[in-house]
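Student: I would like a close look at a single part of this model, with its surroundings added afterwards for context. Could you take me through it slowly?

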Amino acid sequence: MILYRECPICNSSDLKGYAIDCHRPGPHISRVECQKCKLVFANPMADASELSTYYSNYYEKPQYEKTHYKNLILDHFQRIKSLNPQEIFKEAAYMAHYPDNERFLDVGCGLGLGLAYANRLGFDLYATEFDSGALEFVQEQFKVEVFQGELFDANYPDNHFSFVYISHVIEHVLDPIQYIREIHRILKPGGTMAIGTPNMSSNLYKWYRMIKLLSLQVPLIIDGVEHTFIFPKKLLAQICKNEDFEVVQHFTHGMGEKLQNLLTYKISFQKRMAKLIQNYFQVNQWIICKKPEL
């Protein structure tokens, strides 16, 4: 485990306890908030070896099995095959900005939703992922060049990709700034980076925390206990600008869970209601950035 006495983003030592969860299985039980930059992060934080163990066979874990996640993804793949570009941009606005449709990299591709959109848009597909089962799954669906492991270890060439897509990964890594720097290196000038991640600025997080504190209770962790860093919207934008990216678009959105799907999940009523509530709050964010032209 890694114990932080200072914020890993701004180096401030002004840290305060934020949330704790001793019941859900996962690599972390506590969160702190930096009072200077408002980053929320796991502290202590699992190290690289512990995270690697946790993410092996990630999509076979109960939270995915109970929601029939692979079947839902396969349904999405079939639907996406019939979409034209304008229909894709309408439902996935983060896909709408790119210089050309040459090489597309999905960092931490999971089961490949980003790859499905890119495939339909005519890109050559590349993907990184730790979970071997997930890589086998996407290779069954698409013609994609894959790398199992860390983005840095893939050793992609400089200025190589037109589009680098990183959906709900940056909140799982140990050094998010180094990830963004590596993406900047491998993107061609004018290329696009799209980051999807939870939005710590959401009113849901603020109101839930306030209610708990007013009732003299310690707030629980209400996002994934495996998350390492949760970014407020303003901070994420500033980090991208600091790493020489131009912000093209930055928006927030809800979970997008369909009611008919919620009714089929093998989860408790309380968890169903939690997912439903997250549809009505801006709990996630997408930031789309451009690497400046030379």
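Student: Which residues of helix α6 (residues 132-141) are buried, and which are exposed on the other side of α6?

Tutor: What follows starts with that helix and then turns to other parts of the chain. Please keep in mind throughout that this is a predicted model.

The buried residues of α6, which spans residues 132-141, are A134, L135, F137 and V138. Because these four cover an arc of only 160° around the axis, they are placed on the same side of the helix. An α-helix has 3.6 residues a turn, so residues three or four places apart point the same way. The other side of α6 carries E136 and E140, both of which are exposed. At the N-terminal end of α6 the cap is provided by D131, one of whose side-chain oxygens lies 2.9 Å from the backbone nitrogen of G133.

A second helix, α8, covers residues 203-214 and includes I211. With a relative accessible area of 56%, I211 counts as exposed, since the cut-off for that word is over 50%. I211 also belongs to a nonpolar patch on the surface, which it forms with W207, M210 and L214, and the patch as a whole has about 480 Å² of accessible area.

In the loop between α8 and β9 (229-230) one finds L216, a residue that has a positive phi of about 60° although it is not a glycine. L216 is exposed, its relative accessible area being 81%. A positive phi, here of about 55°, is also found at N155, again not a glycine. N155 sits in the loop that connects β6 (144-148) with β7 (161-167), and with a relative accessible area of 61% it is exposed.

Strand β9 leads on to the sheet, an open one in which four strands follow the order β1-β2-β3-β9 with antiparallel pairing. Strands β1 (15-20) and β9 stand at its edges with a single partner strand each, so one side of each has no neighbour in the sheet. For β1, five bridges make the antiparallel connection to β2, which comprises residues 30-34, and within β2 it is S30 that serves as the bridge partner of I20.

One backbone detail remains, in the loop between β3 (40-42) and α1 (48-55), where P44 is found. The peptide bond that joins N43 to P44 is cis, with an omega of about 5°.

Note on methods: Residues numbered from 1 in each chain as written. Predicted model: local features only at pLDDT ≥ 70, side-chain atom pairs only at ≥ 80, totals over all residues. Heavy atoms only, no water. Patch = residues over 30% accessible without salt bridge, like charges linked within 9 Å, V, L, I, M, F, W, Y side chains within 5 Å. Areas by Shrake-Rupley, 256 points an atom, 1.4 Å probe, with all protein chains shown as cover. Salt bridge = Lys/Arg side-chain N within 4 Å of Asp/Glu carboxyl O. Helix = DSSP H or I, 4+ residues; strand = E, 2+ residues; numbered from the N terminus. Buried < 20%, exposed > 50% of the residue type's maximum accessible area, 1.4 Å probe, protein only. Arc of directions from axis to C-beta. Polar contact = N/O pair within 3.5 Å; in protein donor to acceptor, adjacent residues only side chain to side chain. Pairing = 2+ DSSP bridges.
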